[in-house]
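Please look over the assembly shown below before reading on. The report that follows takes up its domains, its chains and the contact between them.

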Amino acid sequence: MGQRVPSVSKKSTISAGNKAARLGLHLAVIAVVMAAGLGIAMTLLGFWPALTVASLAVAGAGAGYWRIRNARAAATERAHSLVHHHTAYVAMWTGLPAFVLLLLWVALQGPIIDQLSISALPSEVLDGLSSDQISLLLSEIKNLAAGVRFGEPADYMVAAAERYGAWMHIAELAKIAVIAAIGLLGLSYSRSRITVAFRARQGVERIIIGLMIACSTIAIFTTIGIIGSLIFEALRFFQHVPVTEFLFGTRWEPQVAIRSDQVASLGAFGAVPVFLGTILISGIAIFVASVLGLPAAIYLSEFASTRVRGFVKPMLEILAGVPTIVYGFFAVLVIAPAIRNVFGNMLGLDTAPGSALAAGLVMGIMIIPFVSSLSDDAIGAVPQALKDGATALGATKSETVLQVVLPAALPGIAGGMLLAVSRAIGETMIVVMAAGIFASLTINPLDSVTTVTVQIVTLLIGDSEFDSPKTLSAFGLGLFLFVFTLMLNVMALRIVQKYRESYD
Amino acid sequence: MTDRQSLDGMAAPNWNDPAIQGRLKRRHRGASLLRLGGIVAIAIALGLLALLLGSILSIGLKAFSQTVAEIDVPISTEYVDLENLEDSNWTRLAQDGVATLYPDDATGRRDQRYRNILSRGGLNAVRGAIEEQVIADPSLVGQSVRVSVQLSDPFDQFAKGVVRRDTPEDMRRITNDEIAMYDGLVAEGRISRVFNTWLFTNGDSRFPEMAGLAAGLRGSAMALMVCLIISFPIGIGTAIYLEEFAPKNWLTYMIEVNINNLAAVPSIVFGLLGLAVLLNFFGLPRSAPLVGGMVLALMTLPTIIIATRAALKAVPPSIREGAMGIGASPMQVVTHHVLPLAMPGILTGTIIGMAAALGETAPLLLIGMNMFSTDLPGSVFDQATALPTQIFMWFDSPELGFVSRTAAAIIVLLGFLLMMNATAIFIRSKLERKW
């Protein structure tokens with residue numbers, strides 16, 4: 001930067017001082033981010049392992065830097081890549097494998113040592129124990145290893161605790177040794193490749209692309225995790241309860257399972273009342289949302305001025321941004337008493353405290369924006385030529401809207417409705433707070449009904465035993481919920497896409 | 001053909017014919033009906049929004065103030081050990097302070113009678129406050145110190161007018177006798193309403209007047225930090241790859257389909273995932289902000305990815321072509337030019353995603369973040385509660401005072417959401433470049 005660049009303003013002058021300041025700023029930002037990252041890694045992955053990985057990376061950077069500097073000084077031709085590419089190349093080769101290995105190690109060390117500890121126990125101890133009792137045994141071993149004693153533990157427990165402590169100690173040491181070895185291996189390999197002709201920039205960029213691909217596969221792994229865990233636990237549930245009983249049974253009384261000594265210790269797991277309650281509440285919600293959302297969408301897209309639209313649309317969308325727990329509170333404190341007042345006191349009808357109507361009504365308010373915004377989009381996508389044609393034939397505005405625009409927009413509106421249904425079925429907090437817990441086979445909106453999500457929450461809240469059909473049934477319901485909402489979403493997307501193709 | 005013939009045979013329509021005029025009017029009325037219907041629907045929807053916010057404000061604002069009683073605590077030398085201040089009998093001092101409220105009664109049980117008016121937890125706090133003040137300034141010994149104590153919840157509600165004096169005695173939790181005593185305190189000018197700082201500084205408590213949101217706020221902050229640390233880099237990485245580098249093949253297609261599906265999966269299913277995989281398989285600690293943050297991160301990821309892709313798309317091709325033209329590699333084009341220009345859009349999307357994560361309750365319930373915790377969590381591995389789950393727990397509590405406190409906590413939650421969304425809108429309007 002020997003030359004002065006003619007400048008428009010003082011700010012954009014590129015001078016040596018400015019460049020140094022910018023470099024300094026960059027370095028400062030990088031240092032802060034790295035220090036924060038190191039701190040976080042130390043908390044999450046352990047102090048020494050994180051420090052090992054960090055120092056390996058720094059050592060790698062230093063090694064790469066000196067190697068390329070010396071090579072450049074000795075060479076006559078120009079280097080292919082910049083110094084910082086070579087530096088980053090060695091640092092990445094040193095730090096990344098060690099870091100990935102550390103992540104895997106931290107994730108798997110606990111489960112593996114747990115397994116080892118259990119299998120090392122005398123076999124007569126384990127005979128006939130449920131997996132629940134085994135996990136209790138395991139936590140006892142861990143407590144003993146940590147020095148917490150309750151009463152006089154059995155000899156085999158003391159031995160197991162000693163084994164556990166020893167293994168943990170070995171694992172901690174081995175962890176650092178292995179990541180250091182891997183890091184040094186990477187360092188020596190990548191350092192040996194550094195020459196002036198080496199295409200370090202391409203190397204670094206390939207690594208970064210690889211990291212990005214790894215990031216994007218997380219979405220796939222999440223889906224696999226969801227499907228896998230739901231199916232796995234649901235299969236365990238269906239070992240206790242036949243699928244047909246779950247899908248077609250009409251009695252849902254999972255709480256009975258607590259009393260294991262009774263004849264009916266399994267409880268009743270016929271999910272029909274739960275499904276029916278879900279359908280009832282979602283149906284009310286969709287009814288409310290379409291009664292209010294559809295006219296709103298028609299008004300906004302066909303009648304409202306740009307100013308009104310610019311104000312009303314975001315206001316309506318606030319309804320979708322309010323946390324559902326707030327709606328639940330609103331349903332219980334404002335809507336439910338009002339409904340009891342109107343239907344119970346004024347009309348003299350029998351109104352249950354957790355009526356389906358209150359929950360459905362409030363859920364309907366929540367999904368108004370889904371219906372109105374998606375319908376608005378669908379109506380907006382109807383080509384102007386169709387409307388012009390209708391007008392040319394002498395149709396009035398209302399005739400155009402009702403007989404031309406709405407039929408043309410119907411697939412899009414239907415797609416929006418399906419998305420809203422899927423949202424209503426999966427909605428949890430409103431129904432947990434405002435609907436009932438007990439399943440009853442009814443379609444009376446003034447009765448208390450329960451939903452799939454309410455059952456999942458009540459079955460799993462504060463419950464860590466993981467073996468009874470009671471807790472496992474939550475995963476059966478969860479699988480149903482996941483599959484059903486997935487189908488609705490796919491269907492909605494299909495409809496919307498098909499519709500779009502026909503006009504573009 | 002018959003139509004045509006009949007038309008030919010007809011005379012030109014007389015537009016002034018009242019029958020035609022009437023038909024036309026009726027046909028046009030449809031438009032105004034549609035319009036009216038739309039306006040009514042919007043009015044009802046916005047009215048419900050106003051009712052929602054208004055009712056929560058009207059219930060919750062009461063809890064932002066707290067009724068306190070001023071009491072004079074004589075620091076008598078009898079209980080204070082000047083040589084060794086730490087060993088003084090602070091409990092007796094506080095009890096004596098309460099006793100001064102009712103000097104006429106000579107029986108030994110006199111402070112017991114205020115038990116229902118003053119908060120028990122508040123008296124504990126007074127004991128601590130006196131201890132602190134006297135140790136800081138030993139010259140106070142022999143004088144009296146004026147401290148304020150929260151009223152117990154029934155009397156706090158009474159002072160705020162929620163519990164009425166004309167309610168029959170057996171229908172309320174406070175007796176006429178106690179009300180008379182309370183009136184005496186009012187007459188002495190000891191009762192006042194102050195801003196409820198305890199709501200923000202205290203952990204949870206079984207006593208409504210002592211319960212605060214600090215534990216939930218801390219837990220939520222930790223979970224959101226974990227969520228941000230995980231979802232921000234991964235989301236940006238994914239978005240850049242899909243938008244700028246990915247070839248069109250089955251893997252890319254699978255990723256895109258999965259991201260779109262994840263965006264629509266019910267939040268409670270993510271809770272089941274956290275429970276089955278993170279807690280039971282990987283053995284991560286139950287109720288920990290770490291696990292909460294990881295589950296929230298998986299939920300926020302699609303939002304961040306979609307926002308980032310939109311922001312990257314909005315950067316005009318001329319920027320890329322210009323950079324390419326002077327010799328930048330595709331990666332340099334992205335990191336040096338496109339990404340910095342897309343940053344405001346990315347930040348906006350991230351903040352909106354974080355705001356959604358802050359209000360999320362169901363998955364946190366499933367991984368056990370509905371802990372009753374009076375203490376603040378020290379690290380992300382500790383058992384903790386979060387702001388929305390604490391709201392849910394307060395909602396479930398039977399005491400009258402928790403109704404207004406639940407609403408107050410909701411106001412705090414909505415306040416945070418408002419701030420985050422305002423920041424997002426600010427970034428969008430001020431920093432985002434229009435091309």
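The domain bounds used here come from an automatic or database domain assignment. On that basis chain B of this predicted model is divided into domain 1, residues 66-194, and domain 2, residues 214-430, and the C-alpha centres of these two domains of chain B lie 46 Å apart.

Helix α8 of chain B covers residues 214-245. Because a rise of 1.5 Å a residue should give its 32 residues a span of 46 Å, the 45 Å between its end C-alpha atoms agrees with expectation. This helix of chain B is also mostly covered, with 23 of its 32 residues buried.

Turning to chain A, the overall values are gathered here.

| Property of chain A | Value |
|---|---|
| Secondary structure | 17 helices and 2 strands |
| Radius of gyration | 32 Å |
| Span of the C-alpha trace along the principal axes | about 95 × 85 × 40 Å |
| Buried residues | 39% of 504 residues |

For a compact globule of 504 residues the radius of gyration would be near 23 Å, whereas chain A has 32 Å. Among the contacts in chain A with a separation of 6 or more, 75% join residues that are 24 or more positions apart.

How many residues of each chain take part in the contact between chain A and chain B? There are 71 residues of chain A in contact with 72 residues of chain B. On the chain A side, helix α7 (residues 200-240) gives the most, with 20 residues, and the residues on that side divide into 46 nonpolar, 19 polar and 6 charged.

Note on methods:
Residues numbered from 1 in each chain as written. Chains lettered and ligands numbered in written order. Predicted model: local features only at pLDDT ≥ 70, side-chain atom pairs only at ≥ 80, totals over all residues. Contact = placed C-beta atoms within 7 Å. Helix = DSSP H or I, 4+ residues; strand = E, 2+ residues; numbered from the N terminus. Nonpolar A, V, L, I, M, F, W, Y, C, P; charged D, E, K, R; others polar. Expected span 1.5 Å × (residues − 1). Buried ≥ 20, exposed ≤ 12 C-beta atoms within 10 Å, placed from the backbone. Rg over C-alpha atoms; globule rule 2.2 N^0.38 Å.
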